[in-house]
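This report describes a protein chain and the ligand that it holds, beginning with the chain as a whole and then turning to the surroundings of the ligand.

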Amino acid sequence: MKIVDVVILGGGTGGYVAAIRASQLGLKVALIEKAKLGGTCLHAGCIPSKALLRSAEVYHTLKNAGNFGVTSGEVGFDFAKVMERKNSVVNQLHKGIQQLMKSGDIAVVEGHGTILKPVDEENPVRIEVAVDDPASGTEVVAAKYGIIATGSRPKSLAGLVVDGRQVITSDEALQLEVLPQSMIIIGGGVIGIEWASLLADFGVEVTVLEYADRIIPTEDVDISKEMLRLMKKRRIKAVTGAKVLVETLEKTADGVFISAEVKGRIVTYTAEQVLVSVGRSAVTEGFGIEETNAVVEKGFIQVNEFYQTNDPHFYAIGDVIGGLQLAHVASHEGITAAEHLAGQKRPIMNADLVPKCIYSRPECANVGLTEEAAIAKGHQVECGKFFFRAIGKALVYGD
Ligand code: FAD
């Protein structure tokens, strides 16, 4: 049995940053990861998607080089190489995290962790790890404190089965070997819009079906409108107020057909593949949370402002607690939890002040309340608007 001060379940952005902070504070730390250190952000989220977006951007810029007075030869792209580059960026960062764990003297335990019933008052947190090597069986890590950082996985619509071939999520999209000719994207939120932008730049015919009355509904209304206008200009078909009728899904050798109810009419859409991007579910099951007093409500682990669950020995951070499911939020929560269990109290995070970005073309970003949210909170609101055509840098970049 390994005994440490704090054991962290899940080595994603939240988990590994919490491990580093706890180690910096002089605590003995173990980090349990069943797949790869770096989690969603590094292997199936932020980093690979941004690497692909960058290739798409370079391709777009080269195609339009003439507008900048630059001549180039025939412009094309090799999708296999685009993916190869994405993989190499991910691998490089993965090695970096492994190195960080070594230099922080953090014991990384590879395998699926399951929380066990407490037996010892001094080290009430016990996690059994089914280690990868079957010959060595399982290993138990005991600690005074545990941090649950099990993250999230892609959601689908009720009844819509992701088969990984014709109906995919961002997980499979990031592993595509060949680009489809056309793609229906269900969900026009952040992930859906980034994919729409990226695929369209690579020449894929894209249709976005969004249930809300606007795309990127978490953004300011003006941003949603402008993004929709620019998407349409790029020949991305974006349909808002579209209720996808899952039962109409038909898969044929020629492609996928699916209907949606749009403003009272039933419209059928077809494409080679369907990408489902309707949000992410927290991973709250399959690791023995029932052995703790932590409470799961509406699919998320409930925590106080220091990320402590209802069980004082367990903290929970990152996507598994909901709120803003962003990498920098997960790391911030990890740092706060590590400091709190070490006896420090950092100021409580103000979720309204977290910056959020969408890396589509054009990119957009926000911090603070949207106009709508500010009005809803009873503030008196004054809006300032500035147009791209009057911004020097936008003109310089040809935006
Ligand atoms: P995760 O990164 O999901 O890590 C959880 C880890 O726990 C995983 O490695 C998993 O294997 C491990 N685990 C789970 N259960 C167990 C167990 N029982 N035993 C052992 N290990 C276990 N955020 C941004 O800020 N910017 C972006 O640009 C951005 N882009 C994104 C693009 C996409 C396509 C996606 C899907 C997400 C994106 N995100 C982005 C969100 C970001 O990836 C997440 O918010 C972040 O990864 C959450 O970190 P986490 O540590 O909570 O969970």
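## Chain and ligand surroundings

Of the 399 residues in the chain, 45% are buried, where buried means under 20% relative accessible area with a 1.4 Å probe and protein chains only. This is a predicted model, in which local features need pLDDT of at least 70 and side-chain atom pairs count only at pLDDT 80 or more, while totals for chains, interfaces and linings use all residues. Residues are numbered from 1 along each chain as its sequence is written, and side-chain values use heavy atoms, with hydrogens and water left out.

The C-alpha atoms fill a box of roughly 65 × 55 × 50 Å along the principal axes. The chain contains 10 helices and 20 strands, taken as DSSP runs (helices H or I, at least four residues; strands E, at least two) and numbered from the N terminus.

Around the ligand there are 39 residues, of which G14, E33, T40, K50 and D319 come nearest; a residue counts as near if one of its heavy atoms lies within 4 Å. Helix 2 gives the most to this shell, with 4 residues.

Three residues make polar contacts (pairs of N or O atoms within 3.5 Å) with the ligand through backbone atoms, as listed here.

| Backbone atom of | Ligand atom and distance |
|---|---|
| T13 | oxygen, 3.3 Å |
| C46 | nitrogen, 3.5 Å |
| Q325 | oxygen, 3.3 Å |

Taken alone, the ligand exposes 1,000 Å² (Shrake-Rupley method, 1.4 Å probe), and the protein buries 93% of that area.

Key: Polar contact = N/O pair within 3.5 Å; in protein donor to acceptor, adjacent residues only side chain to side chain. Buried < 20%, exposed > 50% of the residue type's maximum accessible area, 1.4 Å probe, protein only.
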